[in-house]
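Colleague: I should like to take a close look at one part of this model, namely its nonpolar interior. Would you please describe what is found there, and then turn to the surface?

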Amino acid sequence: MAIETADFTPILLGSDFNVYGMARSFYEMFHKPVKAFAQRELAPTRFTKIVDLELIDGFAEDPVWIEEMLKIKERYQDHEEPVILIGCGDGYAELIVRHKKELEDVFVCPYIDVDMLHQLNNKENFYKICEKYDLPYPKTQIITKEMHDSGEKIEQPFDYPVALKPANSIAWLDVKFEGRKKAFRIRSREEFDRIVDLAYTNGYTGDFILQDFIPGDDSNMRVLNAYVDQEHKVKMMCLGHPLLEDPAPSAIGNYVAIMPEYNQEIYDTIKRFLEEIKFTGYANFDMKYDVRDGKYKLFEINLRQGRSSFFVTLNGYNLAQWVVSDYVTGELKDAKTLYCNEHNDHAALWLGVPVKTFKKYARENEAKKRALELIKENRYGTTYEYSEDMNPKRWLLIKWMNHNYVKNFARYFAENKG
């Protein structure tokens, strides 16, 4: 069934790589700019013809967000075609969920309800769900502000190194101190005490997740993107094999190289879970292979597509198509689950850094050899370098972004990833 722009209207919230990736996916469907709203303009959506970005001061949180969304709703209330609202970031996705009842009379909101949000968007609660549904995850201990404020030594059962990450990733964005990172690999008791103290004395009030560190480099990671239709049936699953992550403190855990991969066991496990909890919309999972017991252990679920999820579109499974086929054409209703990459003759390497950076820093292994073959065959791509959206200013911006990646890897890789 052919899709025309008159059949629906997509609206994206945000201005980062995630937004550009989804806008590019929509643009490849119908070659029209995609409307987006955000609090501020970020580099990925500058000097572009495919994103029509409107900035609204204070739009990142309530009460401004819902006040402005109700005004935006008035603009679209007479549209006959579906208007699909997609939050391209944790904060925007959560805001849509919290206010879905106020918005869904005009907008298509392909998201879970707020009760499920409380179970999934917090890492502590997610691990409880993992226990309930027998999903492997790293051994974990919760660190609270009360434990810190008591002045007593915080006991932890794991040998060093350990992984430490904030349970509330949204609240963590507002916490500032020297040495702050998105997540930490802690190598000593002294470092653990220092980081926890700095966090709580600089305004963080949430919990920390302390975990047994799963050995292995970035290539032990896996990322899974899924789309679950409005009937809570999984319709698409695409597994990726990350080969390299960003080492910069504010971006640790962000993938910068992903190969497509197929693993039916992982697909079956996640499909069963998503359908049993009656999930809806896009889901993004991070996991790591533990050589000690041969299991892929889940770190988290994101209630939206990730910043590197354009690797799905790059490999021929357009991310934007699924929500359109679900809510506009109805094609998904009787469709079987698509398990991506089983027979993919068009496999491509997704990169978020220059080729030379990937070649220099990715760990030598069979997956990297295959990736280098794809590079040699020119079967690779990025989210932001798009031939149909290139102009002198954007070209210079991309050169500047790539230059910063080269600098950051040189500065931080040995410390955080070496």
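Modeller: In this predicted model, Phe279 touches Ile112, Met116, Leu120, Val228, Asp229, His232, Leu274, Ile301 and Leu303, leaving aside residues up to four places away in sequence. Two of these neighbours, Leu120 and Leu274, appear again when the interior is viewed as a whole: together with Phe26, Phe107 and Phe279, they touch the most other members of the largest nonpolar core, which holds 114 residues. Helix α1 (residues 17-30) gives this core its largest share, 8 residues. At least three residues of the core come from domain 1 (7-116 + 215-386), and at least three from domain 2 (138-210). There is also a second, separate core of 23 residues, and among its members are Tyr361, Ile375, Tyr384 and Phe409.

Nonpolar residues may also be followed to the surface. Met390, Trp395 and Leu396 make a nonpolar surface patch of about 320 Å². Trp395 belongs to helix α15 (residues 392-416). The relative accessibility of Trp395 is 45%, and Trp395 therefore counts as partly exposed, since that class lies between the limits of 20% and 50%.

A residue in a loop completes the picture. Glu80 lies in the loop between α2 (64-76) and β4 (83-87). Its relative accessible area is 80%, so Glu80 is exposed. Along the chain, Glu80 and Asp7 are 73 residues apart, while 8.8 Å separates their C-alpha atoms.

Note on methods. Residues are numbered from 1 along each chain as its sequence is written. This is a predicted model: local features need pLDDT of at least 70, side-chain atom pairs count only at pLDDT 80 or more; totals for chains, interfaces and linings use all residues. Side-chain values use heavy atoms; hydrogens and water are left out. Patches are made of residues with over 30% relative accessible area and no salt bridge: like charges are joined within 9 Å, nonpolar side chains (Val, Leu, Ile, Met, Phe, Trp, Tyr) within 5 Å. Accessible areas come from the Shrake-Rupley method with a 1.4 Å probe; for residues, only the protein chains shown count as cover. A salt bridge is a side-chain nitrogen of Lys or Arg within 4 Å of a carboxyl oxygen of Asp or Glu. Helices (H or I, at least four residues) and strands (E, at least two) are DSSP runs, numbered from the N terminus. Buried means under 20% relative accessible area, exposed over 50%, partly exposed in between (1.4 Å probe, protein chains only). A nonpolar core is a set of buried Ala, Val, Leu, Ile, Met, Phe, Trp, Tyr and Cys residues joined through side-chain atoms within 4.5 Å. Domain bounds come from an automatic or database domain assignment. Contact means heavy atoms within 4.5 Å.
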